[in-house]
Amino acid sequence: MDGFAHPTTWVHLDWILAVVVAWLVMGVLGVVALRRFQFVANGLFPISACFSLGLLGLALSAMGAGPEVAVLPIGLPQLPFHLRLDSLSSFFLMVIGGVSAGVSAFAAGYFRKGEGTPPGLICLEYHIFLASIVLVVVADDAYAFMVVWETMAFSSFFLVMANHRIPEIRNAGYLYMLVAHIGALGLLLCFGVLQANTGDYTFANMRAQHLSPFWASVAFVLAVFGFGAKAGLLPLHAWLPEAHPAAPSPFSALMSGVMLKIALYGILRVSFDLLQTRIWWWGVLLMAIGLATSLFGVVFSTVQVEMKRLLAYSSIENVGLMCTGFGLSLLFSAYGMTAFAALAMTAALYHVVSHAFFKSLLFCSTGAVLHATGERSLGKLGGLIRTMPWVAWPSLIGALSCAGLPPFGGFVAEWLLLQSFLFTTGLPSSFLNMLVPVVAALIALVAALSGYTMVKYFGVIFLGQPRDEKLSFSHDADHWERIGMLWLAVGCVVLGLFPNQVIGWIDPVTHLLVSDGLAQAVAASSWLLVPVSIERASYSPAIFLLGVMACFALAYLLVRRLYKGGTRRAPPWDCGYPWQNARMQDTAEGFGHPIRQIFEPLFRMQRELPTPFDEQPLYRVTVEDPLWHWLYLPVAAVVERCSKLIGLLQQGRIAVYLMYSFVTLIVVLLVVKQ
Amino acid sequence: MSILGLLSQLMAIVLALALAPLLSGWVNQWRARLQNKSAPGLLQPYRALRKLFNKESVLAEHASPLFRMAPYIVFGCMLLASAIVPTLSTDLPLSPAADAIALVGLFALARVFISLAAMDVGTAFGSLGARREMLVGFLAEPALLMVLFCASMISRSTSLTTIVETLAHRELAIYPSLLVAGVAFTMVSLAENARVPVDNPETHLELTMIHEALILEYSGRHLALLEWAASLKLFAYSCVGLALFFPWGVAQADAPMALLLALFVLVLKLAVGGFALACVETLSAKMRIFRVPEFLATAFLLAVIGLLVNILLGVS
């Protein structure tokens with residue numbers, strides 16, 4: 001950092017720190033102008049979006065460059081912050097910059113007067129969150145990492161609690177904080193194991209240690225536990241569907257699009273970079289957890305009736321898929337098959353970027369819908385494509401991408417992941433060979449189910465007839481919201497159409513993690529995505545799109561040529577039934593019913609059915625997470641019982657406490673005497 | 001890409017457009033004969049299309065642009081699907097753009113759009129149809145993918161042309177995995193093409209219909225496109241089945257005369273396949289909608305078993 005005085009000599013890391021400082025300044029400005037709504041919304045947030053774009057540019061240019069190191073003399077004496085920017089950090093900075101640019105622009109139009117926390121304060125929390133998330137990915141020692149990690153947890157806690165007057169939101173915030181801290185405990189222990197009794201907590205030292213397989217495994221399991229709690233891996237997912245709906249929508253978008261990915265960054269950093277050994281069962285463990293998580297997430301998201309909860313469960317599913325990819329990569333890497341490890345890693349990282357874009361886009365769309373209608377329940381929405389086209393069409397792109405359909409971003413990731421599963425026949429263990437087709441089949445099932453979820457999400461909110469009178473007065477998104485959503489939608493399309501370019505960016509990361517990459521194979525052809533060889537597999541989204549469009553045009557021309565009739569508008573036909581109304585459409589419950597019936601053992605369901613004699617027939621069904629009753633409540637009960645037992649010690653009389661001191665003194669004396 | 005490749009690609013597209021309604025007509029004719037009804041003419045689907053193209057199109061009052069776009073998109077997807085499946089020749093310029101996984105994605109894209117369009121008008125039957133279509137789809141899609149994976153494991157490729165080339169060049173041995181996968185594929189294609197044990201293409205009985213409920217609000221040119229797309233889908237599925245399980249007779253690159261022979265073989269194979277489909281439809285009864293997931297789950301499991309057999313026997 002010698003050249004800090006001369007901006008001409010700044011390297012990428014310095015500029016990134018400059019962005020962090022700029023964000024912190026914006027946050028402070030927000031507090032200074034606490035109640036000046038116009039200034040905060042239309043001034044600060046758009047400027048912040050520009051800084052995000054700057055970060056995106058910096059990350060892209062730093063991707064191919066070598067690692068940069070810096071030491072910041074802040075924090076405790078003798079414990080400076082070590083920072084390091086390598087390709088893995090740059091990749092995640094790219095995700096942060098790209099997504100936060102759209103979300104900040106959206107936020108400029110989103111926050112309204114007189115709702116919960118004042119906008120200036122939200123601005124501070126929001127920018128501290130962004131700054132801490134950037135510092136997490138460049139931190140290079142355990143101390144700095146934990147400090148910024150906890151800053152991230154706290155700032156996000158306050159953002160979740162923005163509407164703290166509602167009791168459910170307070171409960172959600174509490175649960176979020178609790179799980180975050182249980183996870184942080186795991187991380188502390190993990191770093192403790194990794195430094196291997198040297199007392200040096202820098203990551204450089206951890207890389208140099210060669211742990212025994214046992215201790216390496218302990219560190220790996222602790223990392224999966226600690227980061228998994230933040231990423232929403234099963235069984236520590238319970239906070240996610242509570243906290244995402246509670247937070248304001250732009251922030252849900254950041255949490256789902258970026259924060260979950262930062263947790264995955266942690267898993268990658270520890271298991272592929274800090275640990276020098278790789279054991280095959282780590283990969284199997286990660287794959288098993290990932291698969292269970294994704295199946296659980298997708299099945300639950302199909303039966304949700306609240307739009308943000310539906311998206312939250314869908315995020316659980318996607319994180320599970322990414323973990324499956326990481327697990328497969330770890331498995332290949334443990335057997336030294338680096339080319340296939342790179343393929344699986346590329347698939348998972350591709351999913352990281354594309355999920356960041358489409359899920360933030362979808363969360364932003366729920367925000368716009370929430371503002372326009374004041375309604376979060378799917379059962380009361382409908383027909384919004386007519387009043388809110390600027391929200392509906394970008395969300396359609398997001399939904400198609402989330403459903404993993406070509407030619408959008410989600411499909412490329414899914415395609416690469418399935419391709420990498422087809423190579424598992426080369427694994428030396430016959431048991432693993434048997435297991436893997438089953439995993440591929442389950443991934444295909446998850447992908448198809450997410451299509452079901454997205455048809456439900458988009459169809460029930462935006463299509464059909466309004467299920468409530470007031471919906472016909474709903475207004476479209478304002479211009480900042482439109483800009484934000486369009487940016488994210490363009491991201492989804494670009495990720496879908498130019499996979500070779502994106503894989504070129506991912507290549508340095510896979511070289512760092514599994515010492516191989518796809519860039520060479522991909523660069524052989526400019527339009528085709530060819531991961532291994534052209535005989536083996538190829539996919540070209542651009543030609544694919546051109547093909548569909550050409551067929552579309554052909555159909556249009558055919559119709560123009562053949563068609564003789566005109567067009568007339570009339571009431572819907574519906575088999576000739578004249579008295580139809582909006583309540584005869586499928587509700588959100590109805591659309592999820594087949595899945596609820598097929599996967600019934602997975603749910604904890606309570607149903608109230610009306611009898612034929614009811615004056616006012618009532619049908620109610622509640623679907624709950626069985627893990628809540630099997631795991632969380634029993635653990636909570638045990639904790640409560642333990643604290644009651646400890647409470648017995650506290651009698652509240654001075655004589656008792658004096659006796660404790662006396663007994664302690666005697667015990668200490670006895671010990672000392674021996 | 002050779003001139004001949006371009007030619008065979010164009011031929012494949014034109015052939016699909018022209019032959020698809022004929023295949024539907026052929027199946028309908030045989031089904032009527034087997035059921036002791038007087039059969040409609042072989043050209044009946046073409047007449048129906050002409051009739052629809054001459055009629056006025058009635059749109060629901062509040063139908064959105066999505067509703068009007070969907071028939072074109074579905075038609076486009078199905079046409080592209082029939083173009084990338086190697087039916088006549090393996091020398092197809094479009095084929096590298098989309099492999100087996102992308103083919104499944106293409107079918108899924110069409111399914112999602114037709115379901116969304118059915119929900120758009122907001123009638124009871126439309127959303128019912130959309131829900132049922134997605135119910136069929138979420139099990140049929142992975143099952144189809146697993147069937148294709150069985151073949152990809154044998155040929156070590158997901159590219160459709162490579163699969164056909166490898167399968168056509170092996171000795172006349174029966175792969176046990178392909179046998180299982182073939183059963184699974186038949187079940188999936190019955191479900192996906194709205195055929196009898198799952199859906200009835202002729203019914204308008206409200207409680208049982210799936211495909212008809214989806215297109216209930218369409219008329220005129222839109223309905224014509226959707227009907228044409230449905231027959232293209234049947235054509236594409238038949239071609240996938242023929243390519244995977246009876247790949248003999250498909251022309252290789254640089255063989256102009258082989259194309260003519262391939263055309264003859266294809267028509268023959270489709271005729272036999274259509275007759276078999278009519279037999280299946282006549283011999284089985286429509287099942288309740290909630291038995292459909294069991295039916296499709298069986299297909300899915302069979303396909304996965306096919307994959308496992310593949311690995312167990314070490315074919316790949």
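How many helices and strands does chain A have? In this predicted model, chain A contains 24 helices and five strands. Its radius of gyration is 27 Å, close to the 26 Å that the globule rule gives for 674 residues, and chain A is therefore as compact as a globular protein of that length. Measured out along the principal axes, the C-alpha trace of chain A spans about 105 × 70 × 60 Å. Of the 674 residues in chain A, 54% are buried, and among the contacts in this chain with a separation of 6 or more, 79% are between residues 24 or more positions apart.

One residue of chain A, C190(A), can be followed in detail. C190(A) is found in helix α6 of chain A, which covers residues 167-194. It has 23 C-beta neighbours inside 10 Å, and because the cut-off for a buried residue is 20 or more, C190(A) counts as buried. When the neighbours within four places in sequence are left aside, C190(A) is in contact with A219(A), L222(A), A223(A), G226(A) and V270(A). For the pair C190(A) and V270(A), a separation of 80 residues in sequence goes with a distance of 9.1 Å in space, taken from C-alpha to C-alpha.

With regard to confidence, the model as a whole scores ipTM 0.92 and pTM 0.92. Chain B has an average pLDDT of 85, and 93% of the residues in this chain score at least 70. Within chain B, confidence is highest in helix α4 (residues 100-120), at a mean of 92, and lowest in helix α6 (residues 160-169), at a mean of 82.

Helix α7 of chain B, which comprises residues 176-192, allows a simple check of geometry. At 1.5 Å a residue, the 17 residues of α7(B) should span 24 Å, and the C-alpha atoms at the two ends are 24 Å apart, which agrees with that expectation. Of these 17 residues, 13 are buried, so α7(B) is largely enclosed by the rest of the structure. Just after α7(B), the residue A194(B) takes a positive phi of about 55°.

A further residue of chain B, M11(B), lies in helix α1, which covers residues 3-34 of chain B. M11(B) has 16 C-beta neighbours inside 10 Å and therefore counts as partly exposed. M11(B) and L94(B) are 83 residues apart in sequence, while the distance between them in space is 12 Å from C-alpha to C-alpha.

The two chains also touch each other, with 72 residues of chain A in contact with 73 residues of chain B. On the side of chain A that touches chain B, at least two residues each are supplied by α14 (384-387), α16 (409-422), α17 (430-462), α21 (541-562), β3 (567-570) and α22 (588-598) of chain A. The element that gives the most to this side is α17(A), with 15 residues. By residue type, the side of chain A that touches chain B divides into 46 nonpolar, 18 polar and eight charged residues.

Strand pairing also takes place between the chains: β3(A) is joined by four bridges to strand β1 of chain B (residues 57-60), and the two strands run parallel. Within this pairing, R569(A) stands opposite L59(B), which belongs to β1(B).

Conventions. Residues are numbered from 1 along each chain as its sequence is written. Chains are lettered from A and ligands numbered from 1 in the order in which they are written. This is a predicted model: local features need pLDDT of at least 70, side-chain atom pairs count only at pLDDT 80 or more; totals for chains, interfaces and linings use all residues. Two residues are in contact if their C-beta atoms, placed from the backbone, lie within 7 Å. Ala, Val, Leu, Ile, Met, Phe, Trp, Tyr, Cys and Pro count as nonpolar, Asp, Glu, Lys and Arg as charged, and the others, Gly among them, as polar. Two strands pair if DSSP finds at least two bridges between them. The radius of gyration is taken over C-alpha atoms; the globule rule is 2.2 Å times the number of residues to the power 0.38. A residue is buried if 20 or more other C-beta atoms lie within 10 Å of its own, exposed if 12 or fewer, and partly exposed in between; C-beta atoms are placed from the backbone. pLDDT is the predictor's confidence in each residue, from 0 to 100. The expected span of a helix is 1.5 Å times one less than its number of residues.
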